[in-house]
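User: I would like to learn how to read a fold from its coordinates. Can we work through one case together?

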Amino acid sequence: MTEKKYWDKEIETMPRDKLEKYQLRLLKNEIAFARKGSAFYKKYLPDITLKSIDDIQKLPFVTKQIIRERQQAKEPFGDMVAVPEEEIVYISASSGSTGVPTASPFTAQDFDDFIDCQARLFWRSGMRPKDRYIHALNFSLFIGGPCVLGAQRLGALAIHAGSIPSERLLNFVRQFKPNWTWTTPSYAWYLGETAKNADLNPAKDLSLRNFICSGEPGGGIKETRENIEALWGANLYEYYGLSDIFGACAGSCTEKSGIHIEEDHMIVEVLDLKTGEPVGEGERGEMVLTTLKKRARPLIRFRTGDIVTYTDEKCNCGRTHKRLSGVHGRTDDMLIIKGVNVFPSDVEAVVRSLDFLTGEYRLIVDREKHLDTLAIEVENTKKTIPEVQDILATAIKARLGVKADIIVHKPGTLPRETHKAKRIIDKRTKVWG
Ligand SMILES: [Zn+2]
């Protein structure tokens with residue numbers, strides 16, 4: 001028997017006109033279900049007839065703030081929940097900036113859909129039953145934890161490692177020889193450096209040849225991806241997840257040209273930050289997601305805060321679902337330096353393209369005489385300090401259109417992060433305004 005190419009061929013390759021009709025049917029169901037079961041949605045959503053997918057724009061947005069408020073209004077799960085509490089079988093919790101954890105609840109069917117979706121994503125990236133997968137994401141209340149079950153469902157060996165010390169993780173890798181793992185891009189880099197410090201060559205002495213990366217923009221930045229791939233002699237696949245929906249809602253196929261969104265589970269909109277109108281293909285905007293099948297807590301027009309670009313073009317892999325061609329960062333990461341929008345991911349692309357730097361970097365944002373200033377700290381391995389300053393400042397100016405001071409350190413000076421890297425030191429007392 002020849003091996004199947006798609007996990008779910010009919011869904012993944014559905015022509016777009018058919019897909020949109022299917023989405024519209026699901027959307028109507030989801031809204032009816034939300035209005036029937038959730039006290040919040042009954043009041044919040046207007047009772048209108050949706051004639052096309054575009055009519056979704058007539059519905060109001062949901063934000064993280066609303067989720068938090070509605071949860072507090074009816075502890076513990078809130079009045080956005082559309083099923084009886086006893087039907088909830090799983091929650092993940094995210095702490096958020098205020099420290100009040102918000103729960104993302106799942107019914108048994110929601111959880112099964114979640115795991116099937118993870119299996120689909122892994123299959124799409126090329127994982128097969130013969131493979132061994134070591135899961136290096138945190139298990140503690142984190143939505144990324146159960147994703148390991150997707151690898152298990154497709155028949156791969158799934159090693160539930162979690163967030164353990166790097167030396168221990170490397171020992172497991174040497175012992176069981178997994179060829180797949182999932183980490184943040186920062187950690188993929190850090191783990192490689194840890195291996196090198198132990199006199200190991202990651203590309204030769206270790207078995208990991210496929211990295212799934214999420215949680216930071218790095219996996220989508222060509223320069224960062226290529227550096228990690230070269231360090232490990234591996235392929236890097238970028239995934240995008242959201243605790244309020246699934247561990248991963250989108251992921252790269254083996255073409256590695258953008259990340260497909262599971263459009264049978266959600267509707268994606270990309271909207272202009274100022275006007276709220278849809279932006280075109282290739283333009284940056286905030287991603288807004290609507291769940292189509294979630295029952296425990298439907299999410300209608302959820303503002304993710306993630307800045308993305310997308311394409312509708314059919315992929316060479318044959319899949320028709322929209323692709324994100326970049327997750328550039330979060331609206332709250334965006335800096336405005338003298339009127340120019342700057343994302344740390346744009347700086348990263350420049351820093352990681354220069355081979356005389358280690359790839360580590362940090363931004364210091366300050367304000368002098370009412371004007372924001374940007375300094376970039378990097379680590380230099382080969383050139384003189386003035387040379388580094390000159391080359392990098394010119395490259396930053398060319399790519400970002402802003403002037404930056406360059407602070408040059410010796411290798412190993414900047415802090416190495418094992419999870420999400422903190423790349424910005426903001427010395428301004430007031431961030432916006
Ligand atoms: Zn594809």
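User: Which residues on the other side of α2 are exposed?

Analyst: Begin with the status of the model: it is predicted. Exposure is a neighbour count: a residue is exposed if 12 or fewer other C-beta atoms lie within 10 Å of its own, and buried at 20 or more. On that side of α2, the exposed residues are K18, R25, A32 and K36.

User: Which residues of α2 are buried?

Analyst: Q23, L27, E30, I31, A34 and R35 are the buried ones. Note that the list holds E30 and R35 as well as L27 and I31.

User: Why do the buried residues of α2 line one face of the helix?

Analyst: Look down the helix axis and check the directions. The buried residues of α2 fall within an arc of 120 degrees, so they line one face. What covers them includes helix α3 (39-44) and the strands β10 and β11 (285-291).

User: How many residues does α2 have, and what length does it reach?

Analyst: Compare the end-to-end span with the expected rise. Helix α2 covers residues 16-37, which is 22 residues. From first C-alpha to last it reaches 31 Å, close to the 32 Å expected at 1.5 Å a residue.

User: Now the sheet. In what order do its strands run?

Analyst: Read a sheet from edge to edge. This one is open and has 11 strands, ordered β4-β3-β5-β6-β7-β8-β9-β13-β12-β11-β10, with mixed pairing. Its edge strands are β4 (157-160) and β10 (266-271), each paired on one side only. Ignoring direction, neighbouring strands are turned by 35 degrees against each other on average.

User: In what sense do β7 and β8 pair, and over how many bridges?

Analyst: Strand β7 (residues 235-240) and strand β8 (residues 250-252) are antiparallel, with 2 bridges. For Y239, the bridge partner in β8 is G251.

User: Which helix lies across β7?

Analyst: Helix α10 (residues 222-232) does, and it also lies across β6 (210-213). Its direction is at about 135 degrees to β7.

User: Finally, the whole chain. What radius of gyration does it have, and what would a compact globule have?

Analyst: Take chain length first, then compare. With 433 residues, a compact globule would be near 22 Å; the protein chain has 22 Å, so the two agree. Along the principal axes, the C-alpha trace spans about 65 × 60 × 40 Å. The chain holds 12 helices and 19 strands. Of its 433 residues, 43% count as buried.

User: What share of contacts joins residues 24 or more positions apart?

Analyst: Among contacts with a separation of 6 or more, the share is 65%.

Key
Residues numbered from 1 in each chain as written. Predicted model: local features only at pLDDT ≥ 70, side-chain atom pairs only at ≥ 80, totals over all residues. Pairing = 2+ DSSP bridges. Helix = DSSP H or I, 4+ residues; strand = E, 2+ residues; numbered from the N terminus. Axes fitted to C-alpha atoms, helices over the stretch in contact; angles between N-to-C directions. Contact = placed C-beta atoms within 7 Å. Expected span 1.5 Å × (residues − 1). Arc of directions from axis to C-beta. Rg over C-alpha atoms; globule rule 2.2 N^0.38 Å.
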